[in-house]
Amino acid sequence: MWLSLAEVKHRVNCFISFLLLYIAASLPNVPVVIDVSVTTTTATISYLITAIAYTPERYRVEYWGLELQPYLNITDFIYSSLDITVTNQTFIVTLTGLEEANTYSFVVVAVNCLGNTTTKVMNFTTLSTCK
């Protein structure tokens, strides 16, 4: 079966478009943590996605306690807009069920089809009810 010249041109253009899209795609931008506020048993983490590198992107917080809750906890994914032109999108995640007066470490992870990036490890300490 022979293809028409128009069909060949169409297939070549589709292939080139696919390659350009794949080459232009990149790992997600590293999230920027802008605020951490704590109570005795919660922490609220605000972070900024300056630009979407390649849609769809997902974000999560991974955290662990240094003394009383040393195991890794992972929040549910939050999904970015599918509009790649969105910039400076802020997300807020509240961690609950934390131990009072405990130091926790956390990272914010950004994931897309090409891989992931993470913030540097940051720490917070929940408040104590003891005075």
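**Notebook: burial and aromatic pairs**

I began with burial: of the 131 residues in the chain, 34% count as buried. I note here that this is a predicted model.

Next I looked up the surface. The accessible area of the chain comes to about 8100 Å², and carbon and sulfur atoms hold 60% of that.

Then the fold elements. I find one helix and nine strands, and along the sequence they run α-β-β-β-β-β-β-β-β-β. For contacts with a separation of 6 or more, I see that 64% join residues 24 or more positions apart.

On to the rings. How many aromatic pairs does a search of the whole structure find? It finds five. I picked out Tyr59 and Phe91, a tilted pair with 5.2 Å centre to centre and 40° between the planes. Tyr59 sits in strand S3 (residues 58–65) and Phe91 in strand S6 (residues 87–95), so this pair ties together parts 32 residues apart in sequence.

Are these two rings' residues buried or exposed? Tyr59 is buried, at a relative accessible area of 0%. Phe91 has 9% relative accessibility and also counts as buried, because the cut-off is under 20%.

My second pick was Phe106 with Phe124, again a tilted pair: 5.9 Å centre to centre, 45° between the planes. Phe106 belongs to strand S7 (residues 103–112) and Phe124 to strand S9 (residues 122–125), and the pair links these distant parts of the chain, 18 residues apart. I checked burial here too: Phe106 is buried with a relative accessible area of 0%, and Phe124 counts as buried at 6%.

Last entry: Tyr47 joins Tyr59 and Phe91 in one aromatic cluster.

Key: Residues numbered from 1 in each chain as written. Predicted model: local features only at pLDDT ≥ 70, side-chain atom pairs only at ≥ 80, totals over all residues. Heavy atoms only, no water. Helix = DSSP H or I, 4+ residues; strand = E, 2+ residues; numbered from the N terminus. Buried < 20%, exposed > 50% of the residue type's maximum accessible area, 1.4 Å probe, protein only. Contact = heavy atoms within 4.5 Å. Areas by Shrake-Rupley, 256 points an atom, 1.4 Å probe, with all protein chains shown as cover. Phe/Tyr/Trp six-rings, centres within 6.5 Å; stacked < 30°, edge-to-face > 60°.
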